[in-house]
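Please open the structure in your viewer and keep the selection tool at hand, since this tour moves from one selection to the next.

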There are 2 protein chains.
Amino acid sequence: MAPKDQAQGTENSGQLDFPRPLATVDVVIFAIRNEGLHVLLVQRPAGAGEPFPLSWALPGGFVDVAKDRDLEACAVRKLKEKTGVTSPYLEQLGSWGSAGRDPRGWSATHAYFALMPEEAGRTALAPDAQWFPVSAGRIKPKLAFDHGEILTAAVERLRNKVEYTSLPAYLMPAEFTLPDLQRVYEIVLDRPLEKSAFRTRILSADMIEPIAKMRRGPNRPAQLYRLKKGKEPVYFVRTFNPPE
Amino acid sequence: MAPKDQAQGTENSGQLDFPRPLATVDVVIFAIRNEGLHVLLVQRPAGAGEPFPLSWALPGGFVDVAKDRDLEACAVRKLKEKTGVTSPYLEQLGSWGSAGRDPRGWSATHAYFALMPEEAGRTALAPDAQWFPVSAGRIKPKLAFDHGEILTAAVERLRNKVEYTSLPAYLMPAEFTLPDLQRVYEIVLDRPLEKSAFRTRILSADMIEPIAKMRRGPNRPAQLYRLKKGKEPVYFVRTFNPPE
DNA sequence: CTAAGTAAGTTGCACAGTACAACTAAGTAG
DNA sequence: CTACTTAGTTGTACTGTGCAACTTACTTAG
C-alpha cells in the first residue's frame with residue numbers, strides 16, 4: 001500500500017503500514033596523509049545476498065532506531081566504529097535517495113563529512129578500513145552504491161569551503177606552523193597560494209595562537225601554533241582569488 | 001530486531017526485517033510578497049491519531065516508494081501539489097532525523113528549499129496552504145514537528161547565500177528593474193545595500209539582460225531586465241561587507 | 001513654461017584585502 | 001665565512017566595496 005499523497009496531512013495518515021525506504025548514514029572521512037588528501041573506505045563483505053561484494057564503500061550503515069537518538073549520533077557512531085575516535089569536525093553533506101541506488105530496495109542515505117588530523121586516524125582503525133588517496137576529486141577503485149557520487153560531492157564541498165573558511169585547521173595536528181597550514185590549503189585546493197596574503201588572512205582571523213615553541217629544521221625555525229579552544233570554523237568575506 | 005552495527009556490511013545484512021524509520025520530504029517555499037519574505041505553510045488535519053492537529057507545518061509528506069523515483073522528484077511533487085507550479089530554484093537543505101521529532105515513531109525528513117516569484121504562487125494554491133510572513137527568521141505560529149527549526153535553518157541558509165550569490169534572481173518576476181532586485185536583496189538581508197556597488201556586482205555577473213522596455217513611473221524610468229535563460233546561480237568572490 | 005520633487009543611474013575618492021615580487025631573518029651544511 | 005633554504009616582512013599594483021555627491025529623466029504643482 002502506498003502512502004497517501006498528503007501523508008503527514010490526511011485523515012488516515014495515522015495508518016503507517018505502507019512500505020518505507022531503507023535509511024542509512026554514510027560518512028566521508030578526510031585526512032591528509034603524505035602530502036595528499038585521503039578518504040577512509042571500508043571493504044564490503046562477500047556474504048551471499050550482499051550487494052557489491054568486496055567493493056570499497058564509504059563507512060556507514062543502517063540507522064538503528066534503538067541505538068541512535070538522531071542522525072548525527074548515528075554518524076558519530078559509524079565514525080567511531082571505523083576509526084576509534086571522534087572527529088573534530090562533522091558536517092551534514094546531504095542526502096541521496098532513490099529507487100535504484102541499492103539493489104535491496106528504495107533507500108535513502110544521509111551523508112556526513114568529517115575532517116580529522118592524520119594522527120587521529122592511526123589509533124584504532126577497523127580491520128576492514130583503509131585510507132585511499134583522492135586525486136582530482138576521484139578515487140581509484142569504483143565505489144559501491146552511488147558512493148562515488150557522494151565522494152565527489154564531498155570533495156567539491158570541501159574545496160568550495162576551503163576557499164573561504166578555516167576548515168583545514170581541523171586537518172592539522174595539535175601543533176603546526178603557518179607554512180604547514182598553507183600546504184594543507186594548497187593540497188586541498190590543488191593550487192599554490194600567496195604566502196603573505198595567506199598569513200594576513202589566517203592571523204587576523206583570531207583562530208590560532210602561537211605557543212612558546214619553534215619548529216626547528218635545516219633552516220630558519222618556524223613559529224608553532226595551536227587551534228584556539230572551542231573555535232567554530234571562521235568564514236572569510238572573500239575567497240582567495242582563483243587564478244585563470 | 002535491530003540492524004547489525006555493520007549493516008550494509010555484514011554477512012547477514014541480507015536480512016532486512018528490522019524496524020525502519022519513517023521517511024518524509026518537506027519543502028520550505030519562499031516568495032516575496034508585499035515587500036516581505038513569506039513562506040508557504042499547510043494546516044495539518046484534525047483527524048484522530050493525527051499529530052499536531054490544526055497546527056501549521058511545512059508542505060511535505062511521506063516518500064512514496066512507488067511514485068517517487070528519487071528524493072528530488074518527491075520534493076518537486078510536494079511542491080507542485082501545494083502550489084500548482086514548479087519552482088525555478090530547488091536546493092537540498094539538509095535532513096533532520098531523530099527518535100522524538102514525530103510522535104508516530106523514529107522519523108527522518110529530507111528538507112528542501114525553493115524560491116519562486118510571487119506571481120507563480122498565486123495560480124493554483126492548495127486550499128489548505130497559506131503564505132506567512134517571516135520576520136526575524138521566525139514565523140508567528142508555532143509550527144508542527146521540528147519545522148520551526150527547519151524553517152530557521154532555511155532562512156539562515158538563504159541569508160548566507162544571498163550575501164554572495166544571485167539567488168534573489170529566482171524570487172523576481174519575469175521582468176524587473178535593478179532597484180527592484182536590490183530591494184529584494186535588502187528584504188532578505190534586512191539591511192540596506194550600496195546602490196553603486198550593487199549595480200556593479202550584478203551587471204558584471206552576466207546573469208541578466210536588458211529588454212527593450214522601461215518601467216515608467218512618477219520619476220525617471222528604469223531599465224527593465226530579465227534573467228538570462230538557463231542561468232545557474234552566480235557565486236561572487238566577496239560577500240557584501242556587513243556593516244559595523 | 002518653469003520650478004520643485006523624486007527615483008534612476010553615474011562618478012570619484014577612500015578603504016580593505018589579495019596578487020605579485022623583492023626583500024630581510026635565522027637557521028644548517030660545507 | 002659562504003652558500004643554501006625556508007620563515008617571515010615589506011611595498012606597490014589591482015579589484016571591488018563603502019560612501020557621498022552628482023547628473024539624468026521623468027511627473028506634478030503653479
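What follows is a walk through a predicted model, taking one DNA strand and then the other.

Begin by selecting DNA strand C together with the protein around it, where you will find 23 surrounding residues, the closest being A:P218, A:R238, B:K195, B:N219 and B:Q223. By class, this surface consists of seven nonpolar, seven polar and nine charged residues. If you colour the helices and strands, you can see that at least two residues each are supplied by α4 (195-203) of chain A and by α3 (178-189), α4 (195-203) and β10 (222-227) of chain B. Of the atoms of DNA strand C within 4 Å of the protein, 66% are part of sugar or phosphate, while the rest belong to bases.

Next, select single residues along DNA strand C. At B:K195, a polar side-chain atom lies 2.7 Å from a base nitrogen of the strand, and at A:S196 a polar side-chain atom lies 3.1 Å from a base nitrogen. At A:P218, look instead at the backbone, where an N or O atom lies 2.8 Å from a sugar or linking oxygen.

Now move to DNA strand D, which has 22 residues around it, with A:K195, A:N219, A:Q223, B:P218 and B:R238 coming nearest. Sugar and phosphate make up 69% of the atoms of DNA strand D that come within 4 Å of the protein.

Finish with three selections here: the side chain of A:K195 has an N or O atom 2.7 Å from a base nitrogen, the side chain of B:R238 has one 2.8 Å from a base oxygen, and a backbone N or O atom of B:N241 lies 2.9 Å from a phosphate oxygen.

Key
Residues numbered from 1 in each chain as written. Chains lettered and ligands numbered in written order. Predicted model: local features only at pLDDT ≥ 70, side-chain atom pairs only at ≥ 80, totals over all residues. Heavy atoms only, no water. Near = heavy atom within 4 Å. Polar contact = N/O pair within 3.5 Å; in protein donor to acceptor, adjacent residues only side chain to side chain. Helix = DSSP H or I, 4+ residues; strand = E, 2+ residues; numbered from the N terminus. Nonpolar A, V, L, I, M, F, W, Y, C, P; charged D, E, K, R; others polar.
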